Amino acid sequence: MTTRNLPWEPPNKQDIEALPVGKWWDAVSAPIVVADRALELLGERSGAVIQDDAHGKAYWLIEVDSAKSWSVYQVRVLAALLDEITLLGVPPVSWRTRNHDHDTYWRVRYRVDRYLTNTRQLHRALRQAGDDILGPAPDGRQLCYRCELPTDEPVPVAIEHSGSVASPTVYACPTHARDYPRDAVTQAAAMRRALDQGRSR
């Protein structure tokens with residue numbers, strides 16, 4: 001499948017501009033930790049990527065209507081809806097790193113000749129990245145450790161340990177997942193799992 005680029009470039013040279021998805025492109029968002037791994041898997045095949053450090057998300061631009069059937073854990077497809085407009089904040093082309101003035105920038109730089117990412121390749125990379133980083137998707141709703149409300153998108157943030165026995169997994173809603181304090185046992189378990197799979201993060 002070839003990725004067709006429509007004539008488009010970020011219109012605002014000075015600041016972020018909220019642009020409607022579904023007009024020039026759709027967008028796919030993933031948590032930054034998943035995006036890190038997906039970018040490793042994609043390598044040079046990735047198109048431009050917008051990173052929003054304030055909200056812990058990365059966004060790929062893809063062809064319009066090419067990913068509506070996706071169901072990937074912790075990944076969202078932003079596409080045009082019948083009854084409302086969905087907007088994505090797009091930074092100027094020159095914003096290539098985070099600085100004190102802005103948290104949103106082009107993590108993978110915009111190029112007029114290749115700003116879209118091949119949808120199939122991105123789908124495969126994000127599924128693999130989700131498995132590598134988050135493990136299997138939890139079955140059903142879970143309670144967030146912090147707000148104590150049920151969430152349909154639980155993020156496993158830790159496995160509590162009691163001696164040598166693993167206790168239940170701790171979950172968070174997407175909003176509170178990035179705030180969970182990481183402990184040494186959790187970090188070691190994640191590293192061990194990565195090494196077992198033949199990778200080191």
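On a 1 Å grid over the protein atoms alone, a pocket is an open set of points where a 1.4 Å probe fits, with protein on both sides within 12 Å along at least five of seven lines, and its lining residues have an atom within 4 Å of a point. The model on screen is predicted, so local features need pLDDT of at least 70 and side-chain atom pairs count only at pLDDT 80 or more, while totals for chains, interfaces and linings use all residues. Residues are numbered from 1 along each chain as its sequence is written, and side-chain values use heavy atoms, with hydrogens and water left out.

Start with the whole chain, which has four helices and eleven strands; these are DSSP runs numbered from the N terminus, with helices (H or I) of at least four residues and strands (E) of at least two.

Next, select I16, S29, D52, H55, K57, Y59, R76, L78, L87, L88, G89 and T104, which line the second largest pocket. Strand 4 (57–62), strand 5 (76–78) and strand 6 (87–90) each give two or more residues to this lining, and strand 6 gives the most, with three.

Finally, select C144 and C147, and ask how many disulfides the structure holds. The structure holds zero, a disulfide being a pair of cysteine sulfur atoms within 2.5 Å. The sulfur of C147 is 3.6 Å from the closest cysteine sulfur, in C144, and is therefore too far for a bond. C144 is buried, with a relative accessible area of 1%, whereas C147 is partly exposed at 28%; buried means under 20%, exposed over 50% and partly exposed in between (1.4 Å probe, protein chains only).
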